[in-house]
Amino acid sequence: MATPDSSKISHSVTSTGKRKAGKPGALAAGIGFTMILAALGLGLAHLPIFNRAGQLACSILLAIAYRQLWGYPESIRRGIQFSAQKLLRFAIILFGLKLNIGVVLQEGLPLLVRDAATVVFAILATLLIGKWLKADFSLSLLLGIGTGVCGAAAIAAVSPILKAKEDDTAIGAGIVALVGTLFAVSYTVLRPLLPLTDLQYGIWSGVSLHEIAHVALAAEPAGPDALAVALLAKLGRVFLLVPLSFALMIAMKRARQAVARAGADRDHAAESAPGSHIKVPFPWFLLGFIATSVLGSYVLGSLITVPAAALNGLSSLTAFLLTMAMVGLGLNVSFRDLRSKALRPFLAMLITSVLLSGLTWLSLTA
């Protein structure tokens, strides 16, 4: 009986080796492919109707559509995986430049309390509603984090820590981007009808909407003051991504240790023993995120003068790299596999988003 297993293992190792090595130009071709789809998504995001969704959602949809129509481009897998993994972490590091720690700590402490409540509520509510709906736990957790913190960027940041599947990460990012866009547009429509001052409306947008782009879209019609306080509230939620990530890392480590201990006590302990050596990898890219946050908050603009055009260009580069990463993840999404998996987490997130908007609005008008 050992002979067939050995041959299977040998074949698997050989196949994996070939897949990792790939053709000489597979790395460049795969990166180029994700770049092309990201560029197409960027162009699509400038068209009417699609401009409400943004380049991230448009690019993810293009990648998912490509996968369903033509399948996964196996010959350039190496480059696509590079975009989905390496570029993703690099984009998250650069994303730290958008966070002004000084402004959040000096002027946004009251908002930070609201932000913390938003993060906790969004995660717990999505998980509880997801449990009630019998939804997939992993995808529900990603959607709860995306809803509570900062959308697709938060999902991308915590996925390596949670060891989430790439298709879960991609579908989660796509769902939160689309739902967030729907809510942002709804806010602009409802604004004239609501008994909120411009300042209250800005706080409502910043505390309850999903991504920075959604907050900007919803708050801009209320004027510069409303937009400023909305972005400040949103930056507080981005700031909370760091402690949340470390908390998740600790929780994952304890959960794996508990599973390993439980497995060691069973009759089939020999099969479970390898689990006791599983370690949760430290998310080194989060240190990069913290470093760029400190750099952008206290060095660039104060100690080192940087032209606004250069900062804007770096911000655009960050957004494009994140879009390329999402394309790489989107190509892993197969509707055949996710058709029954994504609906219930989506409903859990949608219900949570409605509750979050309603409760935040009530807290401002009570």
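For the lining of a pocket I count Ala, Val, Leu, Ile, Met, Phe, Trp, Tyr, Cys and Pro as nonpolar, Asp, Glu, Lys and Arg as charged, and the others, Gly among them, as polar.

Entry 1, the largest pocket. I am working on a predicted model, and I looked up its pockets before anything else. With those classes in hand, I find that the lining of the largest pocket divides into 16 nonpolar, nine polar and three charged residues. The lining comprises 28 residues, and I noted Q55, L56, E211, A213 and A319 as those that lie nearest the centre of the pocket. For the volume I have about 620 Å³ of space.

Entry 2, what builds that lining. I looked up which helices take part, and I find that α3 (54-70), α8 (152-162), α9 (166-190), α11 (212-219) and α16 (308-330) each supply at least two residues. Among these, α16 gives the most to the lining of the largest pocket, with seven residues.

Entry 3, the second largest pocket. Here I read about 350 Å³ of space, with a lining of 15 residues, of which L97, K98, G296, L300 and L311 lie nearest the centre. The elements that give two or more residues to this lining are α15 (284-299) and α16, and α16 gives the most, with six residues. By class, I record seven nonpolar residues, seven polar and one charged for the second largest pocket. I therefore keep α16 in my notes under both headings, as the element that gives the most to the lining of the largest pocket and to the lining of the second largest pocket.Entry 4, the protein as a whole. I find 18 helices and zero strands, and 46% of the 366 residues count as buried. Taking the contacts with a separation of 6 or more, I note that residues 24 or more positions apart account for 81% of them. The accessible surface comes to about 18,200 Å², and 68% of this area belongs to carbon and sulfur atoms.

Entry 5, backbone angles in two loops. Which residue has its place in the loop between α6 (109-132) and α7 (137-148)? I looked there and found K134, whose phi is near 60 degrees, a positive value in a residue other than glycine. K134 counts as exposed because its relative accessibility is 69%, and the cut-off for that class is over 50%. In the loop between α8 and α9 I noted K163, where phi is near 55 degrees, again a positive value in a residue other than glycine.

Terms used
Residues numbered from 1 in each chain as written. Predicted model: local features only at pLDDT ≥ 70, side-chain atom pairs only at ≥ 80, totals over all residues. Heavy atoms only, no water. 1 Å grid on protein atoms, 1.4 Å probe; cavity = no way out; pocket = protein on both sides within 12 Å on 5 of 7 lines; lining within 4 Å. Points joined across faces, edges and corners; volume = space filled by probe spheres on them. Buried < 20%, exposed > 50% of the residue type's maximum accessible area, 1.4 Å probe, protein only. Contact = heavy atoms within 4.5 Å. Areas by Shrake-Rupley, 256 points an atom, 1.4 Å probe, with all protein chains shown as cover.
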